[in-house]
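Let's walk through this one together, starting with a charged residue and working inwards from there. Keep the model open as you read.

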Amino acid sequence: MTPSDPTIRENLTTLQIHLRSQKNGRAGELSGVIEAIALAAKSIAHKVRRARIDDVLGAVGAQNLHGEEQQKLDVIADDLILHCLRERHDVAVFASEEQDEPVVLRPRSDGGRYCVVVDPLDGSSNVDVAVSVGTIFSILENDQPDETTDQAPLQPGTRQLAAGYVLYGSSVVMVFTMGEGVDMYVLDPVVGEFLLVQEGLRISEEKKIYSVNEAYVNDFEDGMRAYLDYAHGAGYGSRYIGSMVADVHRTLLKGGVFIYPATTKAPGGKLRLLYEGNPMAMLVEQAGGAAACGAGRILDVTPTKLHQRTPVIMGSSAEVAHVTRHA
Ligand code: AHM
Ligand code: MG
């Protein structure tokens, strides 16, 4: 600060201020739901940081619908998000990766306008070693005019009104889109608010990075193995955290491609279409990248089951094309 410039310039554009200033008509309507998710995320961030102190690490001893061990923090994060959304008059259905069936809150006739679909704490098995984890969310219109049923979220990803994630890493980062570009916020722990740090995020086209669990190479299809041979010969770097939110966040910021392909053990892929594939695909596409499930776009798939899985290939358009042309 110089004597001629006495103003303290502090970034104080909060999520709330930024949402209210948007010209996108959707922002005003969705802002309450997004702020409710942000509130839950602040609390989850706190719980994740204190997990070892509060002794909430490890499994609850039950398996979720997918046969995977539920972590204590999965259940806590799920409860917190539902608690924050339940208060809202406009949420019709809450569907979570951690619950067998969606929770129907209110019908359209009673103001239930939105379906909110979440993976409350993706990558939660990494928390005990202090690796980044995240919350993924997707917001859809409740298109059931009369009685709302738990099938309301079964819509293709192209119909998402908004999608995003919160990354609990060395900083807490919220990235979301309402269909007109991607904005990024960082939680200022002192102010207690998500502050806008970047508008109109665009994925880099340059970096040669692939991100895949290469230990499964013998279970991959021939095309995937051919892509890896190509990447090895073309001087690519490899990065794999094993936490989708962190791997996709790096891909958005630095470029390259994140892949969770079909394997012989998981022929439909491991990741879930509604909770992981669709929201991340919308974000990556809105940032100028591409997201495929093989030959087609993830967002074009019409789901038939809430917990349906999908192969995932997402990143810069050029890199996704490199992967799919080997298939
Ligand atoms: P989760 O939803 O049960 O946490 O599983 C999803 C996670 C992703 O974050 C990550 O990309 C993937 O599982 C890692 O799986 P793997 O250990 O098979 O590489
Ligand atoms: Mg997950």
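Glutamate 141 is partly exposed, with a relative accessible area of 22%. Keep in mind that this is a predicted model, so every value here is computed from it. With the cut-off for buried set at under 20%, a residue at 22% counts as partly exposed because it falls between the limits for buried and exposed.

What does the side chain of glutamate 141 meet? It pairs with the side chain of arginine 108 in a salt bridge, at 2.8 Å from N to O. The two come from distant parts of the chain, 33 residues apart: glutamate 141 belongs to strand β6 (residues 133-141), while arginine 108 is in the loop between β4 (103-104) and β5 (114-122). Arginine 108 is partly exposed too, with a relative accessibility of 31%. Nor does the pair stand by itself, as Glu29 and Arg113 join Arg108 and Glu141 in a network of salt bridges.

Now try a pair with a different setting. Arginine 250 and aspartate 247 meet through their side chains in a salt bridge of 3.0 Å, N to O. Here the partners sit in helix α5 (residues 244-254), and because they are 3 residues apart, about one helical turn separates them. Are they buried or exposed? Arginine 250 counts as buried at 14% relative accessibility, and aspartate 247 counts as buried at 0%.

Another salt bridge to look up joins the side chains of arginine 88 and aspartate 90, with N to O at 3.0 Å. Aspartate 90 is buried, its relative accessible area being 6%. Arginine 88 has a relative accessible area of 19% and is buried as well. If you go hunting for others, a search of the whole structure turns up 15 salt bridges.

From charges, let's turn to the nonpolar side of things. The largest nonpolar core has 48 residues, and the members that touch the most others are Tyr168, Met174 and Phe194. Which helix gives the most to this core? That would be helix α2 (residues 25-49), which supplies 12 residues. Apart from this core lies another one, made up of 30 residues, including Met244, Tyr260, Met280 and Ala291.

Technical notes:
Residues are numbered from 1 along each chain as its sequence is written. Chains are lettered from A and ligands numbered from 1 in the order in which they are written. This is a predicted model: local features need pLDDT of at least 70, side-chain atom pairs count only at pLDDT 80 or more; totals for chains, interfaces and linings use all residues. Side-chain values use heavy atoms; hydrogens and water are left out. A nonpolar core is a set of buried Ala, Val, Leu, Ile, Met, Phe, Trp, Tyr and Cys residues joined through side-chain atoms within 4.5 Å. Buried means under 20% relative accessible area, exposed over 50%, partly exposed in between (1.4 Å probe, protein chains only). Helices (H or I, at least four residues) and strands (E, at least two) are DSSP runs, numbered from the N terminus. A salt bridge is a side-chain nitrogen of Lys or Arg within 4 Å of a carboxyl oxygen of Asp or Glu.
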